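I opened this notebook to keep track of what I looked up, one topic at a time. I wanted to begin with open space and then turn to packed helices and unusual backbone spots.

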Amino acid sequence: NGSISFLPHNVYTSFPFLTEMLSLLGMILCDDWYEGAHAGKLIISAFAPLTTLAVFVAARRWFGELSAWCAALIHISTPWTYRISIIAYAEGGLTFYLFATLLAVQLTLESIRISDANLDGDSAGPSTPPCSSWLLLCGLLAGSGMACKYPGVLQVVIPMGVALLWLTVDPKREGAAKRVLRTGLLYSAGVLIAVGPWLLKNLCETGNPVYPLLQSSFHGVDWTP
């Protein structure tokens, strides 16, 4: 179509497609849709080894060298990992951002535990708040998962957000409510930075930020509930 625009005959063009933007970038740089598609598919296939690397790093950090090699081998040799890589499906990117978000959440919790362990032992006092940059990073990665595919909101954004709120806030310490608010706002900001442009695009084109979903709530154009 020559541009990113609303196509009423093809609902898929209204989905968020972060990974497909890599193919589009290849088409632009190559000035040819066919060669650019090959370049884009090659880049998208790189999500599989990137996820394997993340799995290896996480397993080695918390479970040891042997577990890391086993986990990496299991992931990279799974037939579906190979399959979605060669046909350039969005699941490769979604899987990467899901695990990268999980890794970032784990590192956030680890930094809090280390900081709290260095306090003077007053369990009733305020604990160290999560680093703003870590919370923002968690949101950016989770939002990128949703930007790959709508199911990312259920598979990444919501569960990781709940985990952060649940695990970073100790209700027995001072300022728990303030901590919840701060964590939620920073995480949400990261999510919106990553997926917000796609939602805004749909809102402007159809009146529904998650078109064609939730039609009964947003009453966007074209589709009925």
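**Entry 1: the largest pocket.** I asked first which helix gives the largest share of the lining of the largest pocket, and I found that α2 does, with five residues. I kept in mind that I was reading a predicted model. Both α1, residues 18-30, and α2, residues 33-45, supply at least two residues of that lining. The lining has 29 residues in total, and those nearest the centre of the pocket are Y12, T13, F17, E20 and S23. When I sorted the lining by class, I noted 18 nonpolar, seven polar and four charged residues. For the space inside the largest pocket I wrote down about 880 Å³.

**Entry 2: α1 against α2.** Since both helices had come up at the pocket, I looked up how they pack. I reminded myself that two packed helices are described by the angle between their axes and the distance between the axes. Here the axes come within 7 Å and cross at roughly 140°, which makes α1 oblique to α2, because an angle has to be over 145 degrees to count as roughly antiparallel. The crossing of these two helices is right-handed. On the α1 side the contact is made by T19, L22, S23, G26, M27 and C30, while α2 brings W33, E35, G36, A37, A39, G40, K41, I43 and I44. By class, I recorded eight nonpolar, five polar and two charged residues in this contact. I also noticed S23 again, since it is listed among the residues nearest the centre of the largest pocket.

**Entry 3: the loop between α1 and α2.** D31 sits in this loop, and its phi is positive, about 55°, although D31 is not a glycine. I marked it down because most residues other than glycine have a negative phi.

**Entry 4: α8 against α9.** Is this pair roughly parallel or roughly antiparallel? The helices, residues 152-168 and 176-206, pack at an angle of about 155° with their axes 10 Å apart, and so α8 is roughly antiparallel to α9. Their crossing is right-handed. From α8, the residues V156, V157, M160, G161, L164, L165 and T168 meet R179, V180, T183, G184, Y187 and V191 of α9. I counted these by class as eight nonpolar, four polar and one charged.

**Entry 5: after α9.** Last, I looked at P212, which lies in the loop between α9 and α10. The peptide bond joining Y211 and P212 is cis, with omega about 5°, and I noted this because most peptide bonds are trans.

Technical notes: Residues are numbered from 1 along each chain as its sequence is written. This is a predicted model: local features need pLDDT of at least 70, side-chain atom pairs count only at pLDDT 80 or more; totals for chains, interfaces and linings use all residues. Side-chain values use heavy atoms; hydrogens and water are left out. On a 1 Å grid over the protein atoms alone, a cavity is a set of points where a 1.4 Å probe fits but cannot get out, and a pocket is an open set with protein on both sides within 12 Å along at least five of seven lines; lining residues have an atom within 4 Å of a point. Grid points are joined across faces, edges and corners, and a volume is the space filled by probe spheres set on the points. Helices (H or I, at least four residues) and strands (E, at least two) are DSSP runs, numbered from the N terminus. Ala, Val, Leu, Ile, Met, Phe, Trp, Tyr, Cys and Pro count as nonpolar, Asp, Glu, Lys and Arg as charged, and the others, Gly among them, as polar. Axes are lines fitted to C-alpha atoms, for helices over the stretch in contact, and angles run from 0 to 180 degrees between N-to-C directions. Angles under 35 degrees count as roughly parallel, over 145 as roughly antiparallel, 65 to 115 as roughly perpendicular and the rest as oblique. A crossing is left-handed if the near helix is turned anticlockwise from the far one by less than a right angle, and right-handed if clockwise. Contact means heavy atoms within 4.5 Å.
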